[in-house]
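Let's take a walk through a protein together. Have the picture ready, and follow along as we go from the whole chain down to single residues.

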Amino acid sequence: MKHSLLLLFASTLHAANLDGVVNIHDPSTLVQDGGRYYTFGTGGGSLVSDDGWTWRRGAALPRRGLAPDVIKIGDRYFLYIAANIGAQPKAAINLLTNKTLDPTSPDYKWEEGGVVASSDGIEDCNAIDPGLLLDPNDGRLWLVYGSYFGYIRLVELDPRTGKRRYPNAVPHNIAINSEASILIFHDGWYYLLVTHGSCCRGADSGYNIRMGRARKVTGPYLDNLGIDMLQGGGKLFAASAGRVIGPGHFGLIDLGQGVQKFSLHYEADLDRGGASVLDIRPLLWKDGWPVAGENLRAGSYQFESLRTGTALEAAVEGFPVGGRPVRRGPPPGPPPGGGPPPGAGGPPPGGMFAGIGRPIPDQDVNEVSKKWPTGTLDVRMSNYLSQAQQKWTIAPAPGAGGYPGAPFYKITIAGTERALTATAEAELAVLPAFTGAPEQLWRIDQLADGSYRIMPKAVPGGKGPLALSAVGSSFATLSAFDPKSEKQRWWIKTP
């Protein structure tokens with residue numbers, strides 16, 4: 001594919017961008033209950049969100065342990081939380097169960113389920129940092145755990161009770177020199193993601209996430225160089241960047257239709273005073289390996305259809321940047337009758353291909369738009385020519401809320417307030433101003449291949465959910481998203 005992931009925000013350094021209260025350490029995989037999102041952290045605290053974007057403090061657990069993980073199976077939530085027994089590495093992982101995560105529900109009651117894994121302080125394992133996988137192939141439930149005091153271990157649980165299935169079975173050793181382990185399954189492979197480096201030192205923490213994969217859940221887990229994670233292998237997945245330090249504690253969020261994200265925490269977010277914070281980022285896939293995507297930053301971009309290669313634009317008369325080419329002086333080549341060759345001194349050779357001899361500035365949209373109609377504009381596709389009507393500003397819409405990991409955005413022609421809008425006919429238009437109406441709020445999800453799905457929050461008349469779709473090379477509309485089609489996939493590129 002000629003468009004690599006590196007084309008998409010290659011120079012953009014990541015910054016945590018969730019809203020509200022996001023302070024947490026060692027967050028569990030996000031789970032939903034009643035439309036709300038929940039995560040639990042070290043110390044027994046929790047965060048809750050109505051939309052996955054704005055977060056607040058939630059109810060505390062009855063246990064104050066370390067690095068919990070949680071999963072819903074059937075009508076119950078199984079939460080596993082570790083505690084040191086005296087000095088590390090003597091520890092135990094306890095099970096808590098509940099019918100609901102909503103503390104206002106009459107069914108809200110955490111029940112103790114006992115110890116499911118432990119370490120005696122002598123063996124080469126520290127039974128902390130539980131991570132869960134419900135195998136989509138056979139419905140078996142697996143628990144991984146451990147830390148730098150020894151091996152990462154794997155045991156099987158009973159999905160009916162959440163308890164250890166074979167208490168006397170010897171655990172499988174699958175990795176070493178890591179912690180905060182978790183398993184995911186994708187396209188015939190089991191992936192083990194672990195956290196390397198030092199934790200709990202704020203902006204001096206060395207946390208980073210690494211991974212290996214195996215055809216069997218019990219391993220061996222090898223990295224991209226073929227090194228076993230039992231021998232210290234691990235392909236890098238996420239590292240510190242920009243003003244966030246120490247990523248750790250991966251958790252998969254599968255939103256369906258090919259949209260996957262992952263939760264994590266940073267040991268220190270310098271823009272939030274060095275606090276440990278939750279974040280949610282896109283999960284991409286390349287060459288059989290998960291890739292940590294980047295959240296979209298506010299800025300000006302072009303929208304290019306993956307299917308057609310043409311760009312989204314307002315349907316107005318376009319004007320060539322710098323004006324139309326004209327002949328300036330003699331054509332290129334040796335001057336008549338001899339003389340020095342072109343480029344050997346003097347002015348550049350002429351001709352309509354010679355240019356003007358200096359950089360051409362961007363179009364001034366305020367000047368160009370004087371020739372545009374003042375009312376509603378249609379939308380179409382065209383070859384990208386760096387013209388003003390092809391450049392769009394994406395910015396969070398104030399007070400509009402969001403969805404897991406991102407706010408709703410407003411999309412306007414760069415340098416103007418002319419807003420991309422979904423119409424009652426499930427088509428597209430550019431209105432003279434942004435009003436904040438649902439049809440002017442846009443959800444932008446990065447897909448597994450790095451391209452984007454762009455959807456209005458709502459279409460007038462309830463015709464939704466629909467996605468921005470390229471029809472041929474010259475027309476754009478809204479239609480139901482098809483994960484197998486390229487029609488609704490877009491590159492969002494810096495113009």
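**Starting at a serine**

Let's begin with Ser386, which has a relative accessibility of 24% and so counts as partly exposed. You'll find Ser386 in the loop that runs between strand E24 (377–382) and strand E25 (392–396). There's something odd about its backbone, too: Ser386 isn't a glycine, yet its phi is positive, at about 60 degrees. That stands out because most residues other than glycine have a negative phi.

Ala67 is another residue of this kind, with a positive phi of about 40 degrees even though it's not a glycine. Its setting is a strand, E6, which covers residues 66–73. Is Ala67 buried or exposed? With a relative accessible area of just 1%, Ala67 is buried.

Now zoom out. Keep in mind that you're looking at a predicted model. The average pLDDT of the protein is 92, and 91% of the residues score at least 70. Take care with residues 1–16, though, where the pLDDT is below 50. Even so, this stretch makes 43 contacts in the model beyond its near neighbours in sequence.

What is the chain built from? The protein has 35 strands and one helix. Its C-alpha trace spans about 95 × 60 × 45 Å along the principal axes. Of its 495 residues, 51% count as buried. Among contacts with a separation of 6 or more, 55% link residues that are 24 or more positions apart.

On the outside, the protein exposes about 21500 Å², and carbon and sulfur atoms supply 52% of that. As for charge, there are 48 positive and 46 negative ones, and the mean positions of the two groups are 4 Å apart.

Next, the cysteines. How many disulfides does the protein have? The count comes to one. A disulfide is a covalent bond between the sulfur atoms of two cysteines. Here the partners are Cys199 and Cys200, with their sulfurs 2.4 Å apart. The link between Cys199 and Cys200 is left-handed, with -70 degrees about the S-S bond. Cys199 has a relative accessibility of 24%, so it counts as partly exposed, while Cys200 is at 56% and counts as exposed.

Why does Cys125 have no bond to another cysteine? The closest cysteine sulfur, in Cys199, is 16 Å from the sulfur of Cys125, and that's too far for a bond. Cys125 counts as buried, at 1% relative accessibility.

Let's go back to the backbone for a moment. Most peptide bonds are trans. Look at Gln88 and Pro89, however: the peptide bond joining them is cis, with an omega of about 10 degrees. Pro89 sits in the loop between strand E7 (76–84) and strand E8 (90–98). Another cis bond runs from Gly219 to Pro220, this time with omega near 5 degrees. Pro220 is in a loop as well, between strand E16 (208–214) and strand E17 (235–238).

Our last stop is Gly309. Where is Gly309 placed? Look in the loop between strand E22 (299–305) and strand E23 (311–314). Its relative accessible area is 38%, so Gly309 is partly exposed. To get a feel for distances, pick out Ala175 too: C-alpha to C-alpha, Gly309 and Ala175 are 44 Å apart in space, and in sequence they're 134 residues apart.

Key:
Residues numbered from 1 in each chain as written. Predicted model: local features only at pLDDT ≥ 70, side-chain atom pairs only at ≥ 80, totals over all residues. Heavy atoms only, no water. pLDDT = per-residue confidence, 0-100. Contact = heavy atoms within 4.5 Å. Helix = DSSP H or I, 4+ residues; strand = E, 2+ residues; numbered from the N terminus. Buried < 20%, exposed > 50% of the residue type's maximum accessible area, 1.4 Å probe, protein only. Areas by Shrake-Rupley, 256 points an atom, 1.4 Å probe, with all protein chains shown as cover. Lys, Arg positive; Asp, Glu negative; His and termini not counted. Charge placed at Lys NZ, Arg CZ, Asp CG, Glu CD. Disulfide = S-S within 2.5 Å.
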